[in-house]
Protein chains: 2
Amino acid sequence: MLLVKLCSSFLVDSSFYSLQFSRHEPGVTHVLVTGGAGYIGSHAALRLLKESYRVTIVDNLSRGNLGAVKILQELFPEPGRLQFIYADLGDAKAVNKIFTENAFDAVMHFAAVAYVGESTQFPLKYYHNITSNTLVVLETMAAHGVKTLIYSSTCATYGEPDTMPITEETPQVPINPYGKAKKMAEDIILDFSKNSDMAVMILRYFNVIGSDPEGRLGEAPRPELREHGRISGACFDAARGIMPGLQIKGTDYKTADGTCVRDYIDVTDLVDAHVKALQKAKPRKVGIYNVGTGKGSSVKEFVEACKKATGVEIKIEYLPRRAGDYAEVYSDPSKIKKELNWTAKHTNLKESLETAWRWQKLHRNGYGLTSSVSAY
Amino acid sequence: MLLVKLCSSFLVDSSFYSLQFSRHEPGVTHVLVTGGAGYIGSHAALRLLKESYRVTIVDNLSRGNLGAVKILQELFPEPGRLQFIYADLGDAKAVNKIFTENAFDAVMHFAAVAYVGESTQFPLKYYHNITSNTLVVLETMAAHGVKTLIYSSTCATYGEPDTMPITEETPQVPINPYGKAKKMAEDIILDFSKNSDMAVMILRYFNVIGSDPEGRLGEAPRPELREHGRISGACFDAARGIMPGLQIKGTDYKTADGTCVRDYIDVTDLVDAHVKALQKAKPRKVGIYNVGTGKGSSVKEFVEACKKATGVEIKIEYLPRRAGDYAEVYSDPSKIKKELNWTAKHTNLKESLETAWRWQKLHRNGYGLTSSVSAY
């Protein structure tokens with residue numbers, strides 16, 4: 001039984017709880033997945049486990065869910081496949097202990113707070129959690145000779161570019177603390193890699209949607225963070241009747257239908273990009289890639305797809321623009337196609353939202369309560 | 001006796017040693033001077049003490065010198081004037097304890113590693129020491145309601161601007177980890193100040209030279225860091241015969257005499273700017289100021305001034321350009337003149353270098369060994 005038992009003393013303990021793997025096993029790549037109890041991290045862990053990697057998840061459970069780890073552990077119960085360690089990456093001593101007791105081959109660093117709105121309210125939280133904690137990860141990797149890093153970055157590092165689509169050469173001028181903190185983390189990684197033989201892959205995600213197609217994993221934000229949430233969450237809340245309807249803020253943008261345009265990337269495609277990045281990472285090389293579909297969809301299109309995916313007629317209220325939103329953001333994903341042979345396969349919004357809706361129905365209260373489809 | 005006793009156990013102790021002040025004293029401003037055992041920080045502490053402020057120095061002594069604190073303590077032995085606390089700002093618990101046990105009115109945050117060359121070799125050290133540690137200072141100030149911050153920034157945050165002089169509106173495009181780490185710290189401070197009632201002054205120094213005119217305090221870099229050192233150190237090493245001569249790297253820059261041009265600011269003027277900034281800091285206001293003379297001096301002019309100040313004929317070797325140097329950097333200091341009524345008074349290079357030379361002669365081995373002028 002690899003999974004730690006969830007009990008109150010465990011959660012309040014400032015140290016971490018670890019169930020050790022045996023040391024490095026030849027021929028098996030052992031990947032540390034930080035934030036592996038979160039939305040994207042858990043999907044990445046699932047994919048890595050399917051591909052026969054060994055996975056250690058480190059998560060402080062501030063945003064992630066132990067329920068996601070539990071599901072992964074039930075899917076991969078064999079000893080030595082999946083390990084969960086409860087730790088905060090800001091605790092350098094704890095992180096050092098984890099690296100001392102485990103022989104990692106690579107790190108996928110997902111752990112991060114990730115709400116733009118929240119970042120403007122609590123900037124220090126973001127700089128601490130994203131910038132300083134990435135530095136702790138790098139310092140510990142350097143101290144222990146772990147030389148492959150796959151880093152979760154974001155299109156928010158570009159800010160509001162003048163021209164679309166966004167390539168990896170588009171100037172990065174982030175406009176909120178979330179984007180700035182991620183840009184700082186990128187800069188630190190890049191400067192460090194110059195003097196080392198690290199293999200670095202930086203993936204800049206566009207707007208991530210969807211869930212594990214089998215409905216086992218999904219996005220389960222804390223209810224208190226709903227106000228900062230993403231459009232998919234708002235649509236589903238409306239479809240489920242938790243909210244009376246959906247507010248569309250701004251219909252006078254310079255876009256085809258007047259609503260904001262974004263590039264929605266399915267989480268299954270996103271984690272596929274991570275595995276390809278891991279497999280193609282080379283010492284002394286840095287790869288920076290946009291991960292998007294290359295196609296923009298408007299908020300109206302998104303909501304229409306959500307209506308079809310859920311079968312629910314969502315009530316829409318049109319409001320003036322929200323401060324800080326920009327009209328149009330979509331990627332040029334040609335570099336990742338050329339260099340990593342990756343393209344987005346799940347480019348039908350409705351189908352991606354169906355996977356997320358399946359998760360919603362199976363897990364009415366996120367990971368807190370599992371109910372069957374019929375019960376819903 | 002306020003000064004801590006220097007003993008080996010003290011230096012290896014990972015916690016800190018503190019001699020507490022009594023709590024907040026009405027009418028007396030209590031300033032935390034981080035890095036107050038260092039070159040600029042110790043001069044600032046001296047000036048604050050002269051102006052009747054209470055001063056607490058926090059320093060990890062990695063670059064600073066306990067000898068500087070000792071001199072300050074001998075000058076201001078009265079109880080409640082000067083306190084020294086040995087602590088590392090990366091240790092958030094220690095910093096929190098310091099703020100719990102002291103009622104600071106303001107923080108002057110000098111503590112930082114500050115060699116461009118070293119920063120390219122050890123970037124993580126710079127991001128940790130400058131960016132992450134500034135975040136710790138801010139978080140702790142926020143937690144304890146300390147609302148005035150004077151921050152030491154640098155012209156290195158501007159990188160290589162296309163036009164001179166540099167104003168505060170010149171785009172910041174730093175080109176080395178030192179400049180980038182300081183820019184990140186500035187950005188974090190600015191984002192934080194948006195949601196708070198903090199009073200923030202950011203001072204961007206140009207090239208600091210000179211010493212306390214009475215020869216008590218000066219620049220005393222670690223010998224092992226000589227290779228990263230500044231031009232003044234190299235000149236004095238040549239004048240003292242420690243080095244056979246001085247190497248001037250690059251004589252074909254697009255400047256009047258072909259050597260690099262910099263804006264040299266006397267440390268006495270610089271700390272005057274800090275006191276003025278402290279006195280004019282206002283809640284919910286951010287002031288960003290260049291601190292320079294507004295006048296550029298070439299390396300050749302600098303060396304000539306150094307020859308005159310020391311009375312020594314320094315042997316010069318001309319070499320090709322050094323990678324990473326840029327031709328010309330000097331400030332437009334009109335904003336600080338207008339808003340803080342500050343101007344550089346010590347703009348004669350030879351006179352500034354005479355103060356530094358006096359320090360060199362009185363302290364042949366920095367703070368490690370004090371000798372008289374005649375002994376030299």
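Colleague: Which residues of H8(A) are buried?

Modeller: This is a predicted model. In its helix H8(A), the buried residues are A:Ser232, A:Cys235, A:Phe236, A:Asp237, A:Ala238 and A:Ala239. The word buried applies under 20% relative accessible area.

Colleague: What do the buried residues of H8(A) pack against?

Modeller: They pack against strand S8 (246–249), helix H10 (299–310) and helix H12 (349–362) of chain A. Just after H8(A) comes A:Gly241, with a positive phi of about 80 degrees.

Colleague: Let us turn to charged pairs. What makes A:Asp212 and A:Arg216 a salt bridge?

Modeller: The closest N and O atoms are 2.9 Å apart. The limit is 4 Å, between a side-chain nitrogen of Lys or Arg and a carboxyl oxygen of Asp or Glu. The pair therefore meets the rule. Both A:Asp212 and A:Arg216 are buried.

Colleague: How do you know that A:Arg216 is buried?

Modeller: A:Arg216 has a relative accessible area of 17%. The cut-off is under 20%, so A:Arg216 counts as buried.

Colleague: Which salt bridge does A:Glu214 form?

Modeller: A:Glu214 pairs with A:Arg216, and their closest N and O atoms are 3.5 Å apart. That is within 4 Å, so the name salt bridge holds.

Colleague: Why is A:Glu214 called exposed?

Modeller: Its relative accessibility is 53%. Exposed means over 50%, so A:Glu214 qualifies.

Colleague: What makes A:Arg230 and A:Glu219 a salt bridge?

Modeller: Their closest N and O atoms are 3.0 Å apart. Within 4 Å is what the rule asks, so the pair counts. The two residues are 11 residues apart, both in the loop between strand S7 (207–209) and helix H8 (231–239) of chain A.

Colleague: Why are A:Arg230 and A:Glu219 put in separate burial classes?

Modeller: A:Arg230 has a relative accessible area of 36%. That value falls between 20% and 50%, so A:Arg230 is partly exposed. A:Glu219 stands at 18%. That is under 20%, so A:Glu219 is buried.

Colleague: Which residues are linked in a network of salt bridges?

Modeller: A:Arg47, A:Glu51, A:Asp272 and A:Lys276 are linked in one. Over all chains, the search finds 38 salt bridges.

Colleague: Now the two chains. Why is their relation called a two-fold axis?

Modeller: A turn of 180 degrees and a shift of 0.0 Å along the axis lay chain A on chain B, with an RMSD of 0.0 Å. That is the relation of a two-fold axis. Both copies use the same surface, as 100% of the contact residues of chain A recur in chain B.

Colleague: Which residue of chain A comes closest to the rotation axis?

Modeller: A:Ser132 does, with its C-alpha at 2.7 Å.

Colleague: How many residues does the contact take from chain A?

Modeller: The contact takes 19 residues from chain A and 19 residues from chain B. Together the chains bury about 1,700 Å², 65% of it on carbon and sulfur atoms. On the side of chain A, the most area is lost by A:Leu124, A:Met184 and A:Asp191, together 32% of what that side buries.

Colleague: What makes B:Asp191 and A:Lys180 a salt bridge?

Modeller: Their side chains meet at 3.1 Å, N to O. That is within 4 Å, so the pair qualifies. The count between chain A and chain B is 2 salt bridges. Polar contacts join 11 residue pairs across the interface.

Colleague: Which helices of chain A each supply at least two residues of the side that touches chain B?

Modeller: Helix H5 (116–121), helix H6 (123–144) and helix H7 (177–194) do. The touching side of chain A holds 9 nonpolar, 5 polar and 5 charged residues.

Colleague: How do you know that B:Lys180 is buried?

Modeller: B:Lys180 has a relative accessible area of 16%. Under 20% is the condition, so B:Lys180 meets it. B:Lys180 lies in helix H7 (residues 177–194) of chain B. Leaving aside neighbours within four places in sequence, its contacts include A:Asp191 and A:Lys194.

Colleague: Last one. Why is B:Thr255 called buried?

Modeller: Its relative accessibility is 13%. That is under 20%, so the term fits. B:Thr255 sits in the loop between strand S8 (246–249) and strand S9 (261–262) of chain B. Its side chain has a polar atom 3.0 Å from the backbone nitrogen of B:Gly258. B:Ala327 is 72 residues apart from B:Thr255 along the chain, with 6.9 Å between the C-alpha atoms.

Terms used:
Residues numbered from 1 in each chain as written. Chains lettered and ligands numbered in written order. Predicted model: local features only at pLDDT ≥ 70, side-chain atom pairs only at ≥ 80, totals over all residues. Heavy atoms only, no water. Least-squares fit on C-alpha atoms with pLDDT ≥ 70 in both. Contact = heavy atoms within 4.5 Å. Buried < 20%, exposed > 50% of the residue type's maximum accessible area, 1.4 Å probe, protein only. Helix = DSSP H or I, 4+ residues; strand = E, 2+ residues; numbered from the N terminus. Buried area = accessible area lost by both parts, 1.4 Å probe. Polar contact = N/O pair within 3.5 Å; in protein donor to acceptor, adjacent residues only side chain to side chain. Nonpolar A, V, L, I, M, F, W, Y, C, P; charged D, E, K, R; others polar.
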